[in-house]
Amino acid sequence: MTVRELDAAGIHDPALRAAYTHCRGLNARHGKTYFLATRLLPVDRRPAVHALYGFARWADDIVDDLDSSATPGERGRALLALEAQLEAGLRREGATEPVIRALADTARRYGIDRVHFTDFLASMRSDLTVGGYASYEELGRYMHGSAAVIGLQMLPVLGTVTPREEAAPHAAALGVAFQLTNFLRDVGEDLDRGRLYLPAELLAAHGVDRERFEWSRRTGARDARITDVLRAAAAHNRAVYRDALPGIAMLAPVSRPCIRTAFVLYSGILDAIAADGYAVLHRRSVVPRRRRAVVALDGLVRAVAVRAVSRRGEEVPVGGPSCASPSPRPRVSPVREEAR
């Protein structure tokens with residue numbers, strides 16, 4: 001966390017500054033696409049986003065860390081301990097864990113409903129015992145806690161130009177869209193964890209089952225029917241992105257370039273998966289660095305423009321250029337992205 005960001009956010013307590021800096025480090029190391037988009041937010045809002053990410057990352061690592069030898073029971077107890085620390089932090093009982101200190105401070109500053117955190121942890125706990133879902137409806141109930149609430153946590157930080165309840169469904173949809181993309185990209189790794197987030201009804205519609213997916217993952221062999229499943233899952237994912245898109249124009253103008261950039265980069269993963277022939281059971285598809293740099297530069301141009309308008313005291317229209325429909329190919333000259 002830069003001194004400038006912390007000062008702009010009004011965070012002066014040394015221990016609290018260290019807590020937010022810790023969360024920023026987690027975001028920079030593990031959420032590269034998300035971190036890149038976060039850099040387009042006004043400096044005073046970035047610490048809160050890093051705190052929200054840090055908490056989600058901590059819980060996710062408890063559940064999903066493949067390098068850990070912890071049993072499901074041990075992971076469950078770790079989640080319960082995390083929830084207890086969260087409750088203590090939200091009650092202002094002097095949490096010492098950096099992530100909890102930063103999260104509790106962010107929740108108070110922005111009035112984030114604590115139910116969004118408890119719903120999130122409930123979905124994380126279900127990952128310890130649930131390995132698959134029968135339908136998209138059943139998966140949707142899980143994703144309310146694991147993804148939709150992330151969008152709802154972010155909304156007070158981003159700000160809106162419409163009543164928050166009007167923007168909330170789109171924010172929730174964007175959280176779900178991002179997670180569906182992660183599910184598709186990581187389907188092979190999730191199978192290694194004993195989970196498959198593609199609904200059984202979708203597999204059955206194309207004449208395959210979970211065992212066929214596990215066979216493909218294990219042997220490296222391809223099956224056209226599996227490709228059809230993955231293509232259909234991507235189409236469903238794109239429909240959710242379309243549901244989320246109108247919400248960008250409902251955000252505060254200074255927040256739109258960040259979310260627009262995240263929208264383009266994450267939905268671009270679906271393009272990368274298609275370009276790889278839907279081989280996600282065997283390798284991870286990524287957006288090329290040059291493409292990421294082009295999108296990031298486009299976002300930066302938009303962010304600078306809207307901040308200039310704000311400094312002049314002019315009103316940015318709800319449908320202004322900073323929230324134009326994400327284009328698959330922004331008209332900006334490509335630049336070289338520094339190797340990570």
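Reader: Is cysteine 258 buried or exposed, and what is its relative accessible area?

Author: The model is a predicted one, in which local features need pLDDT of at least 70, side-chain atom pairs count only at pLDDT 80 or more, and totals for chains, interfaces and linings use all residues. Residues are numbered from 1 along each chain as its sequence is written, and side-chain values use heavy atoms, with hydrogens and water left out. A residue is buried under 20% relative accessible area, exposed over 50%, and partly exposed in between, with a 1.4 Å probe and protein chains only. Cysteine 258 is therefore buried, its relative accessible area being 4%.

Reader: How many disulfides does a search of the whole structure find?

Author: A disulfide requires a pair of cysteine sulfur atoms within 2.5 Å. Cysteine 23 also counts as buried, at 0% relative accessibility. For disulfides, the search of the whole structure gives a count of 0.

Reader: How many helices does the protein chain contain?

Author: Helices (H or I, at least four residues) and strands (E, at least two) are DSSP runs, numbered from the N terminus. The protein chain has 340 residues, of which 54% count as buried. It has 0 strands, and its number of helices is 15.

Reader: What share of the contacts in the protein chain with a separation of 6 or more comes from residues 24 or more positions apart?

Author: A contact means heavy atoms within 4.5 Å. Among contacts with a separation of 6 or more, residues 24 or more positions apart account for 73%.
The chain also exposes surface, about 15,200 Å², but the share of contacts asked for is 73%.

Reader: How far does helix H2 reach from its first C-alpha to its last?

Author: Helix H2 covers residues 14-30, which is 17 residues. The expected span of a helix is 1.5 Å times one less than its number of residues, and for H2 this gives 24 Å. The reach in the model is close to that value, at 25 Å.

Reader: Which residue caps the N-terminal end of H2?

Author: A polar contact is a pair of N or O atoms within 3.5 Å; within protein, one must be able to donate a hydrogen and the other to accept it, and residues adjacent in sequence count only if both atoms are side-chain atoms. At this end of H2, a side-chain oxygen lies 3.2 Å from the backbone nitrogen of alanine 15. The residue that supplies the oxygen is aspartate 13.

Reader: What covers the buried residues of H2?

Author: The buried residues of H2 include Leu16, Tyr20, Cys23, Arg24 and Leu26. Their cover includes helix H1 (3-8), helix H3 (32-38), helix H4 (46-64) and helix H6 (98-110).

Reader: Which residues are linked with Glu5 in a network of salt bridges?

Author: A salt bridge is a side-chain nitrogen of Lys or Arg within 4 Å of a carboxyl oxygen of Asp or Glu. Glutamate 5 lies in helix H1 and is buried, with a relative accessible area of 1%. A polar contact of 2.8 Å joins its side chain to that of arginine 46. The network links Glu5 with Arg24, Arg39 and Arg46.

Reader: Why does the salt bridge between arginine 284 and aspartate 186 tie together parts of the chain, and how many residues apart are they in sequence?

Author: The closest N and O atoms of arginine 284 and aspartate 186 are 2.9 Å apart. Arginine 284 lies in the loop between helix H14 (256-275) and helix H15 (289-311), and aspartate 186 in the loop between helix H9 (164-185) and helix H10 (187-192), so the pair joins parts that are distant in sequence by 98 residues.

Reader: Which helices hold aspartate 192 and arginine 217?

Author: The side chains of these two residues meet in a salt bridge, at 2.6 Å from N to O. The pair ties together parts 25 residues apart in sequence, because aspartate 192 and arginine 217 lie respectively in helix H10 and helix H12.

Reader: About how many helical turns separate arginine 109 and aspartate 105?

Author: Arginine 109 and aspartate 105 form a salt bridge of 2.5 Å, N to O. Arginine 109 is partly exposed at 40% relative accessibility, whereas aspartate 105 is buried at 10%. Both lie in helix H6, 4 residues apart, so the separation is about one helical turn.

Reader: Which residue offers a backbone oxygen 2.5 Å from a polar atom of the side chain of arginine 222?

Author: Arginine 222 lies in the loop between helix H12 (210-219) and helix H13 (224-244) and is partly exposed, at 45%. Leaving aside neighbours within four places in sequence, its contacts include Trp215, Tyr278 and His282. The backbone oxygen at 2.5 Å belongs to glycine 277.

Notes:
Areas by Shrake-Rupley, 256 points an atom, 1.4 Å probe, with all protein chains shown as cover.
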